Amino acid sequence: MGASVRNSNSRGNLPAEPNTFVGRKPELTRISALLGSSRLLTLTGPGGVGKSRLALRAAHAAQAMFPGGVWLVELSDLKDPDLLTNAVAEATRLTEQTLRPLLGAVCEHLAGGPLLLVLDTCEHVLDECARVVQELLAQVPELRVLTTSRQSLGVPGEHLLPVMPLPFGEHSDAVELFTARAAAAVPSFTLTDANRAAVAAICARLDGIPLALELAAVRLRGFPLELLLQGLDSRFDLLVSPARPRLARHQTLRTAIGWSHELCTPLERLLWARLSVFTGGWDMESAEFVCHGGPLDAEEILALLASLTEKSIVIRENNGVAGRYRMLDTIRTFGADWLDGLGEQDAVRLRHLDYFRWIARQGEAEWLGPGQRMWAERLSMEHANLRVALEESLAALDPRAALELAGTLWYFWFACGFADEGRGYLERALRRVPDDDAPGHTLATWAHRLVTVAPDDVEAAESVSAAYVWLAQERHLPVPALPLTGASLAVRGESARSALLYGSSSQGPGGGGGAEFFQLLTLAVQAYLLAGQGAFERCAVVAERLRVDCAKRGELWMRAWGDFFVALAGIGLGRPEDALRSAREALAAKWRVHDRFGTAAVADLLIAAEAVGGEPERAARLLGAGTRLWYSAGLPQLSDIETTVFRREYARRLRAELGDTRFTEAVREGRSLSPEAAIRLALNGLLDDADL
């Protein structure tokens with residue numbers, strides 16, 4: 001009988017690491033722990049994300065754990081799955097001199113002590129890898145296996161560790177990696193304060209994918225940094241490696257991703273291409289609507305999407321019950337190129353536009369009801385897709401559809417803190433479609449005036465009212481009998497005039513959609529004007545009516561303004577406990593529906609409520625926290641304590657009560673808080689952390 005031989009003095013076959021390893025400390029710590037507790041660990045992730053390099057670093061670090069050796073089996077060049085066992089035998093230095101089954105000989109060869117086998121790049125021979133690994137683990141008790149693959153092996157007991165791209169902020173692992181590789185390629189290159197932003201921008205454009213960063217760094221030999229950044233619009237052509245020793249699948253970014261593409265079925269490739277029209281992610285409903293057609297049935301998309309997720313093309317994010325999916329921008333761009341080559345780009349983009357027009361109409365119909373928070377969250381999540389739909393349709397696809405979409409989203413622009421953005425889209429759409437008789441023109445005109453009004457602009461307020469009269473006539477709604485003028489919902493301190501509506505709520509328009517919104521808004525403005533006149537009892541009555549009307553509908557956004565004015569009246573009437581309770585309820589609601597302006601305004605009111613309620617130090621911290629909240633609302637000019645009469649007056653009072661030192665320290669503490677921490681401070685436990 002023959003014998004199998006392994007050099008007993010060898011502790012493995014790991015090659016030297018090719019360069020300095022950068023980052024991945026949490027992943028390395030996790031791998032080390034899992035190699036001690038799990039017998040099979042698979043690093044998964046898209047092409048170029050650094051699975052192989054991470055596995056090599058982890059294998060080197062783990063050598064002391066495995067006296068029997070750490071053995072690397074590189075599978076990327078293996079074409080015939082039937083030769084997988086031979087590759088393992090060769091890598092582990094098995095010399096087999098019998099005719100018995102080779103896998104049995106390998107099992108015997110690897111027995112005898114703790115040993116780690118690293119199988120690198122398994123996805124193209126996945127089934128055979130699963131079979132061989134399962135047999136090895138069953139027959140070799142002290143064996144541990146670490147694999148890298150774009151798809152899991154599906155073996156019982158397998159532990160998956162997704163490898164994600166590197167973080168890419170200005171002080172991040174991605175910037176550190178790019179800098180290290182750039183300095184190796186161009187020794188004169190150094191990271192400075194002057195070029196750090198450009199380097200971070202390159203890392204962001206490349207999604208923090210290590211392969212892309214390394215290829216880009218080498219290109220600095222022929223491109224200045226700024227020119228390299230500009231050239232990333234054609235990243236697949238630019239990022240070609242001049243170095244021959246690199247593995248074939250890593251010589252260009254295109255071939256790295258193309259390797260994954262070749263492993264997909266024709267229908268998976270088609271879905272990948274069609275999914276590229278989404279920006280910022282998608283859910284199952286939108287994927288089925290936008291991507292079905294031709295050979296791809298809607299009923300097949302769920303299974304195909306699951307397969308693309310398994311193959312690390314798509315990333316599943318557990319946001320909500322239904323889940324959400326996304327692709328790295330580099331992978332999405334590859335799919336977009338493929339879609340363009342198929343000649344389907346316009347058709348799929350039109351379906352994308354139609355879907356989000358439908359979503360916007362659904363949201364408008366249900367905005368003033370119990371689904372308001374859901375719609376605020378959903379549209380915030382789909383914000384990037386809404387932008388793409390608007391941009392594409394304005395540019396070429398269908399300007400009239402863009403006009404309708406921008407106008408229908410009035411509630412999102414107005415209530416969720418995106419008035420400036422909405423104004424921009426509405427102005428562009430109205431310029432592209434100047435025809436007054438075009439469908440959606442009246443709604444867009446009214447929406448534009450609604451988001452354009454500004455404090456102290458009575459003429460703008462009246463133009464909103466006039467535009468609503470046209471809209472009411474178009475939608476067959478009753479027209480208000482009284483002229484409408486305005487008052488701001490923001491407590492600015494300088495004036496009681498502003499930009500919305502005023503009138504008798506009993507004579508306001510009836511019906512649904514915008515009409516209900518105007519009815520509620522009229523009550524809110526009346527409450528504001530009464531508070532401005534010091535008529536706090538009457539203000540409280542009107543605000544309570546607003547709260548009741550909103551409660552009947554299950555509405556949150558406008559009800560929060562009712563709570564706001566009840567709190568304002570409570571402060572004026574010397575009822576600090578009522579004021580605190582109502583102000584916190586208002587703040588919680590504004591935060592839930594992503595109304596950044598309303599959140600900042602209500603947080604300011606809480607300064608007064610806390611001060612009147614005998615909590616001057618908390619009030620001073622909130623005064624500082626307001627800085628971050630007004631910045632988040634896109635109104636940094638209101639963040640300064642000296643900007644408004646209100647903030648200036650309460651700063652004076654609190655400084656007098658606390659003294660300079662305590663006041664300054666409390667304000668500084670407040671300014672250091674994140675928006676989430678500021679809300680947590682203001683609400684004093686009213687919301688769970690899950691809502692923050």
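Which residue in β4 does Leu43 stand opposite? Hi everyone, that's my opener for today. It is Thr148. Please keep in mind that what we have on screen is a predicted model.

Let's start with the sheet around that pair. Five strands make up an open, parallel sheet, and their order is β2-β3-β4-β1-β5. At the edges sit β2, residues 70-74, and β5, residues 158-162, each of them pairing on one side only. If you ignore direction, neighbouring strands here are turned by 20 degrees against each other on average.

Now walk along the strands with me. β3 and β4 run parallel and are joined by six bridges; Leu119, for instance, has Thr147 in β4 as its bridge partner. Next, β4 is joined to β1 by five bridges, again in parallel, and that takes us back to Leu43 facing Thr148. Then β1, which covers residues 40-44, pairs in the parallel sense with β5 over five bridges. There, Thr44 has Pro162 as its bridge partner in β5.

Let me stay with β4 for a moment. Is this strand enclosed or open to the outside? Seven of its seven residues are buried, so β4 is largely enclosed by the rest of the structure. Both faces are covered: Leu143, Val145, Thr147 and Ser149 are buried on one side, and Arg144, Leu146 and Thr148 are buried on the other. Do have a look at Arg144 when you rotate the model, as this arginine is on that buried list too.

What lies across these strands? Helix α2, residues 51-61, lies across β1, β2, β3 and β4. Against β4, α2 runs at about 155 degrees.

Moving on to a helix pair. Helix α6, residues 173-185, packs with helix α8, residues 210-218, at an angle of about 35 degrees, and their axes are 8 Å apart. The crossing is right-handed. On the α6 side, the contact is made by Ala174, Leu177, Phe178, Arg181, Ala182 and Ala185. On the α8 side we find Pro210, Leu213, Glu214, Ala216, Ala217 and Val218. By class, that contact has 10 nonpolar residues, two charged ones and no polar ones.

Finally, the cysteines, since someone always asks. How many disulfides does the model have? The count comes to zero, taking a disulfide as two cysteine sulfur atoms within 2.5 Å. As for individual cysteines, Cys107 has a relative accessible area of 6%, so Cys107 is buried. Cys539 is buried as well, with a relative accessible area of 0%.

That's my tour, thanks for listening!

Conventions. Residues are numbered from 1 along each chain as its sequence is written. This is a predicted model: local features need pLDDT of at least 70, side-chain atom pairs count only at pLDDT 80 or more; totals for chains, interfaces and linings use all residues. Side-chain values use heavy atoms; hydrogens and water are left out. Axes are lines fitted to C-alpha atoms, for helices over the stretch in contact, and angles run from 0 to 180 degrees between N-to-C directions. Helices (H or I, at least four residues) and strands (E, at least two) are DSSP runs, numbered from the N terminus. A crossing is left-handed if the near helix is turned anticlockwise from the far one by less than a right angle, and right-handed if clockwise. Contact means heavy atoms within 4.5 Å. Ala, Val, Leu, Ile, Met, Phe, Trp, Tyr, Cys and Pro count as nonpolar, Asp, Glu, Lys and Arg as charged, and the others, Gly among them, as polar. Buried means under 20% relative accessible area, exposed over 50%, partly exposed in between (1.4 Å probe, protein chains only). Two strands pair if DSSP finds at least two bridges between them.
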